[in-house]
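Let's take a walk through a protein model together. Have the sequence and the 3D view open, and look for each part as we come to it.

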Amino acid sequence: MHGGRIAHPLNLPAGARVLGPSAVAAVGDIYTDAEGMKQQVVPQEMSEGDIKVAIEEFAQAARNSIEAGFDGIELHSANGYLLEQFLRPNSNQRTDRYGGAIENRARFVLEVTDAAIEAIGKERVGIRLSPYGVFNDMPLYPEMDADYHYLARQLDERGLLYIHLVDHSSMGAPEVPSSTKAMFRKEFKGTLILSGGYDVARAESDLAEGKCDLIAVGRLFLSNPDLVTRWKSGAALNAPDMNTFYLTGPNGYTDYPALSQ
Ligand SMILES: Cc1cc2nc3c(=O)[nH]c(=O)nc-3n(C[C@H](O)[C@H](O)[C@H](O)COP(=O)(O)O)c2cc1C
């Protein structure tokens, strides 16, 4: 949807720092609301001090969310964002205790999880993960299954509320193998949420088969303000309009018609 435009370097405010686990730029461009497509930049490798600050920022954001009236928070450890960048060996090439073996690459994610739990309680903290996700230049690699197995166990030990697994195969990404989903189901005793390309029939059947406890829905919720009513009654659905995804105004967010309109 953003194709065809030429990406220029990102204009950063004076003094701003772009940080990552290692000084490795993601391949590809990135969409910005203000200036459209921009070239990815090479981040600065985060120091231990930067990591400490980031962990405290996650904890503060969790506290802020509760104070603002949210029931809980979902840590975003998926889709090539900062937490996943630490997990994956292509973006994390550190040689300190935050890089190398999975026990080290998972350390930042688990310290953020611990800090969020300490801040607001484990019953208010969930996490989103995208094993087999490739978005934002996160290539597949041989140890991926073993790495996520370690993570599933570690998260189970912490007893957080839920794990939310993303499967973007309906958007062209590699499919998350059913064995990976089953591994999380086995290792993690809390609530398991699956998402990605669900219609009502597949949602009901995966729930009935016990593959997960909850299904999360993205695009169909965006395009149907009364999705639950429609699913219950079998009414036809509005199709999501890709051309209005990611716009900054109300178009594509609040202008899809409800059944009565
Ligand atoms: C407009 C739009 C914005 C999205 N933004 C994010 C995002 O910021 N972070 C993220 O992890 N996923 C994002 N997603 C992905 C959704 O959370 C979801 O995983 C995806 O749409 C697959 O679920 P679905 O098949 O039910 O739509 C976005 C999807 C859409 C359509």
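Start at the ligand: one of its oxygen atoms is 2.6 Å from an N or O atom in the side chain of His 76. That is a polar contact, meaning a pair of N or O atoms within 3.5 Å (within protein, one must be able to donate a hydrogen and the other to accept it, and residues adjacent in sequence count only if both atoms are side-chain atoms). For His 168, the gap between a side-chain N or O atom and a ligand oxygen is 2.7 Å. Arg 128 also has a polar side-chain atom 2.7 Å from an oxygen of the ligand.

A quick word on what you're looking at: this is a predicted model, where local features need pLDDT of at least 70 and side-chain atom pairs count only at pLDDT 80 or more, while totals for chains, interfaces and linings use all residues. Residues are numbered from 1 along each chain as its sequence is written, and side-chain values use heavy atoms, with hydrogens and water left out.

Now for the sheets. Strands here are DSSP runs (E, at least two residues) and helices are too (H or I, at least four), numbered from the N terminus. Two strands pair if DSSP finds at least two bridges between them. One open sheet has 5 strands in the order 6-7-8-9-10, with parallel pairing. Strand 6 (73-77) and strand 10 (214-216) are at its edges with a single partner strand each, so one side of each has no neighbour in the sheet. Inside this sheet, strand 8 (residues 162-166) and strand 9 (residues 191-195) are joined in the parallel sense by 5 bridges, and Val 166 sits opposite Ser 195 in strand 9.

There's another open sheet, with 3 strands in the order 1-4-3 and mixed pairing. Its strand 3 runs antiparallel to strand 4 (residues 36-39), with 4 bridges between them. Find Ile 30, and you'll see that its bridge partner in strand 4 is Lys 38.

Finally, the helices. Where do helix 1 and helix 4 touch? Ile 51, Phe 58 and Ile 66 are among the helix 1 residues that meet helix 4, whose side includes Phe 108 and Val 112; contact means heavy atoms within 4.5 Å. The residues of this contact divide into 12 nonpolar, no polar and 2 charged. (Ala, Val, Leu, Ile, Met, Phe, Trp, Tyr, Cys and Pro count as nonpolar, Asp, Glu, Lys and Arg as charged, and the others, Gly among them, as polar.)
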